[in-house]
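Open the model in your viewer, set it to a cartoon view, and keep the selection box handy. We will walk from the overall fold to the core, then to ring pairs and a few single residues.

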Amino acid sequence: MFAFFPPKSPYKAYTGIKNPKNARFAMPLKISAGGEKDLIEVNGQDILLYDNLRPGTYKYDVFLNKIEKGKVYLKIFDFNTNRILSAAEVKKKSQIDVFNSTNELKEFNLDDDFIVEEGDWGDYYGSKVEVWFKPEDDTKPERRILSKNYVIQGS
């Protein structure tokens, strides 16, 4: 039956998306088959998103200074609709333990990868990638610490 009437996706198609706000977008960096990452100079707090060999699969590095003990994780949004993408998967798979008591910039790496389901291979669209921080002290609220626009594709 599904061969003739495939189920409809709950997500809108991502083809032909425009950039009405003329925002700037970065492209994810590449990771080689050997696991080597592109080199890039980082001068301040930043997030670097990496394509992880399969379309829609990503890793990231975050550069932070002076941050208490806790975890960072990502939230990724469709840039034009502000709809959160693969919320549960991304939050669960993008967590990194962090702590840096100094003002020196420190790099934190995600060992695993995470998947953005929305969209198709080769169907690129704008996204807003936010880095959120959850303090180890549960009495303190979670907070967004970084945001950067990237062009991504779904799996």
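Helices here are DSSP runs of H or I with at least four residues, and strands are runs of E with at least two, numbered from the N terminus. Counted that way, this predicted model has one helix and 10 strands.

**Whole chain.** Colour by secondary structure and follow the chain from the N terminus: the elements run β-β-β-β-β-α-β-β-β-β-β. Now switch on a surface. The protein exposes about 9,500 Å², with carbon and sulfur atoms supplying 52% of it. Of its 155 residues, 39% count as buried. If you plot a contact map, look away from the diagonal: among contacts with a separation of 6 or more, 66% are between residues 24 or more positions apart.

**The core.** Next, select Tyr60, Val72, Phe114 and Ile152. These residues have the most contacts inside the largest nonpolar core, which has 31 residues. Which elements give two or more residues to this core? They are β2, β3, β4 (67-78), β6 (96-100), β9 (124-135) and β10 (143-153). Highlight β3, which gives the most, with five residues.

**Phe114 and its surroundings.** Stay on Phe114 and show its contacts. Leaving out residues up to four places away in sequence, Phe114 touches a list of partners including Leu49, Gly56, Tyr58, Tyr60, Leu74, Ile76, Val90 and Lys93.

**Ring pairs.** A pair of aromatic rings is described by the distance of the centres and the angle of the planes. With a cut-off of 6.5 Å between ring centres, the count comes to three aromatic pairs. Start with Phe25 and Phe79: the centres are 4.9 Å apart and the planes are at 75°, so this pair is edge-to-face. It links distant parts of the chain, with Phe25 in the segment before β1 (29-30) and Phe79 in the loop between β4 and β5 (84-85), 54 residues apart. Is each ring buried or partly exposed? Phe25 is partly exposed, with a relative accessible area of 27%, while Phe79 counts as buried at 14%.

Then move to Tyr60 and Phe114, whose ring centres are 6.5 Å apart and whose planes are at 70°, so they too form an edge-to-face pair. Here Tyr60 sits in strand β3 and Phe114 in strand β8 (residues 114-115), 54 residues apart. Both residues are buried. Add Tyr58 to the selection, and you have a cluster of Tyr58, Tyr60 and Phe114 linked by ring pairs.

**Charges over rings.** Select Lys37 with Tyr50: the lysine lies over the face of Tyr50, at 4.9 Å from the ring centre. Then try Lys128 with Phe77, where Lys128 lies over the ring face at 5.1 Å from the centre.

**Two last stops.** Go to Asn52, in the loop between β2 (46-51) and β3 (57-64). Asn52 counts as buried because its relative accessibility is 12%, and buried means under 20%. Not counting residues up to four places away in sequence, Asn52 touches Ile31, Thr57, Tyr58, Lys59 and Asp113.

Finally, select Arg143 in strand β10. At 34% relative accessibility, Arg143 counts as partly exposed. Draw a distance to Val131: the two are 12 residues apart in sequence, and their C-alpha atoms are 8.7 Å apart in space. Leaving aside neighbours within four places in sequence, Arg143 is in contact with Glu68, Val131, Trp132, Phe133 and Pro135.

Definitions and conventions:
Residues numbered from 1 in each chain as written. Predicted model: local features only at pLDDT ≥ 70, side-chain atom pairs only at ≥ 80, totals over all residues. Heavy atoms only, no water. Buried < 20%, exposed > 50% of the residue type's maximum accessible area, 1.4 Å probe, protein only. Contact = heavy atoms within 4.5 Å. Core = buried A, V, L, I, M, F, W, Y, C linked by side-chain atoms within 4.5 Å. Areas by Shrake-Rupley, 256 points an atom, 1.4 Å probe, with all protein chains shown as cover. Phe/Tyr/Trp six-rings, centres within 6.5 Å; stacked < 30°, edge-to-face > 60°. Lys NZ or Arg CZ within 6 Å of the ring centre and 35° of its normal.
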